[in-house]
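Please look over the sequence and the model below before reading on. The text then goes through selected parts in turn.

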Amino acid sequence: MGCAPFHGVVPAYRRDMRDPDAPRHPSRDAPRLPSSPGFWRSPLRGPWFTSVLGVVLLAGITVLFVTGLVSYAAYNPDLSPVNDKTPDKGILGFYLFAWPTHPHWLYRLNQGVHVTLGITLIPVLLAKLWSVIPRLFALPPARSLTHALERISLLLLVGGALFEFVTGVLNVQLDYVFPGSFYPLHFYGAWVFFAAFVAHALLKTPTALRNLRHLREERNDLVSPRPAEPTVSRRGALWFVGGGSLLLFATTVGQNFDGPLRRTALLAPHGGGDPGSGPNGFQINKTAASRGISRAETSDEAWRLVVTGRTGTVRLSRALLAGLPLHSSALPIACVEGWSTSDQWWRGVRLRDLAALVGYDGDNPPDVFVESLQRHGAFRSAALRANQVADPRSLLALYVNGEELSPDHGYPARIIVPAAPGVLNTKWVARMTFGDL
């Protein structure tokens, strides 16, 4: 019996050997490691898509960094140790300046932009990280010294971005699950992140601009060698990212306004506690109960304001304070978490008039150190600069919107200063010490 040729189906493994171009089984040929270029198959990745996101972040993160530094300066950390939450900052505080009181909405605008923009940029940041993730796994780790520096800057950039945005969002949500104080963590983290950001921008901005100018996209390591079938165009993906940013903007920006728009700020706190209605019905940060302030110690019989200065000390009851010349100011409260109120009408004694009671020229008063009845927590005491004391709108307020302060708004008396962060507008004031700090 002779050997006849076999005309049946050739097994796959033999067909592969005989015909190198024959189709292969996808599960057998697909790269299994993230370090393989073919592992990342999305057809959306590429120089143009990444460059668009990068240019948006270049502008947005620069604004975030500047407004963050300005926010830190608003605390006047060089004035007194109690205002300085980063005492080891060294040369990082080179830019600090005396915080002004004009315009009175300055901090409200700065912090509103900082927080709202930061939340709005989250989809852009996530899309950017997704678009460049193949580079995080690329091998070898370094092909040259320049490439090694680029990889290090990229790791610092990604880690810093995630750290800054996560801690910022947690702070806005009043969810302090991170170790340590938010102030030094966010401050030092911002400098590390921005240094890596600047290095990365210097390396990549010329390439990004070139990619945006070219109608035909250049291929690079972000373009998959075996892309999957597209389900959306790159422009469609950008619209999706932009829509996510717009949604976050719409559910955050309302925290800066009163009325119906504030109720749209679903992702941002409006202040702690229910402010209720009426003249005291505006946002509250710290409630009296949460800070252990009892009615017994704020009663007219028990409470006295102690004012100390060049000529000694005076003790003033609330009735005596109400008998002094009273003045009114229309000022907002603006908090570091980004929320703020509209202008409220405050009425009380000017800080410079209190300085005059203890021997200082009311037109040229010194700094003041303010202490609260609050015994625990940050900023239970705060320092104000001489220019803040001298401003005629700076008050020890006894009334707001024509009514006595509520306990949650600082009864029996609170500080209100134009353009100052909310935590410097000390509530439940117990002592004021005038003099150079």
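What follows starts with the whole chain, then turns to a glutamate, the aromatic pairs and the charges over rings.

This is a predicted model. The protein chain has 437 residues, and 47% of them are buried. Its secondary structure consists of 12 helices and 10 strands. Of the contacts in the chain with a separation of 6 or more, 70% are between residues 24 or more positions apart.

Glu164 lies in helix 6, which spans residues 145–172. The residue is buried, but no salt bridge is found for it. Lys89 is the nearest side chain of opposite charge, and it is 17 Å away. A salt bridge would need a side-chain nitrogen of Lys or Arg within 4 Å of a carboxyl oxygen, so Lys89 at 17 Å does not form one with Glu164. What Glu164 does have is a polar contact of 3.4 Å between its side chain and that of His186. Leaving aside residues up to four places away in sequence, Glu164 touches His186, Leu185, Gly189, Ala190 and Phe193.

Phe193 leads on to the aromatic residues. Phe193 and Phe197 both belong to helix 7 (residues 182–213), and because they are four residues apart there, about one helical turn separates them. Both are buried: Phe193 has a relative accessible area of 6%, and Phe197 is at 9% relative accessibility.

How many aromatic pairs does a search of the whole structure find? The search gives 17. One of them is Phe39 with Trp40, an edge-to-face pair with 4.9 Å from centre to centre and 80 degrees between the planes. Trp40 is buried, at a relative accessible area of 17%, whereas Phe39 is partly exposed, at 32%. The rings of Phe193 and Phe197 form a tilted pair, because their planes are at 40 degrees, with the centres 6.1 Å apart. An angle over 60 degrees would count as edge-to-face and one under 30 degrees as stacked, so 40 degrees falls into the tilted class.

Phe193 and Phe197 are also part of one aromatic cluster. The other members are Phe65, Phe94, Tyr95, Trp191 and Phe194. Phe193 thus appears twice in this account: as a contact of Glu164 and as a member of the cluster.

Two rings elsewhere have a charge placed over them. The charged end of Arg45 sits over the ring of Trp130, at 4.0 Å from the ring centre. Over the ring of Phe379 sits the charged end of Lys85, 4.5 Å from the centre.

Technical notes
Residues numbered from 1 in each chain as written. Heavy atoms only, no water. Helix = DSSP H or I, 4+ residues; strand = E, 2+ residues; numbered from the N terminus. Buried < 20%, exposed > 50% of the residue type's maximum accessible area, 1.4 Å probe, protein only. Lys, Arg positive; Asp, Glu negative; His and termini not counted. Polar contact = N/O pair within 3.5 Å; in protein donor to acceptor, adjacent residues only side chain to side chain. Contact = heavy atoms within 4.5 Å. Phe/Tyr/Trp six-rings, centres within 6.5 Å; stacked < 30°, edge-to-face > 60°. Lys NZ or Arg CZ within 6 Å of the ring centre and 35° of its normal.
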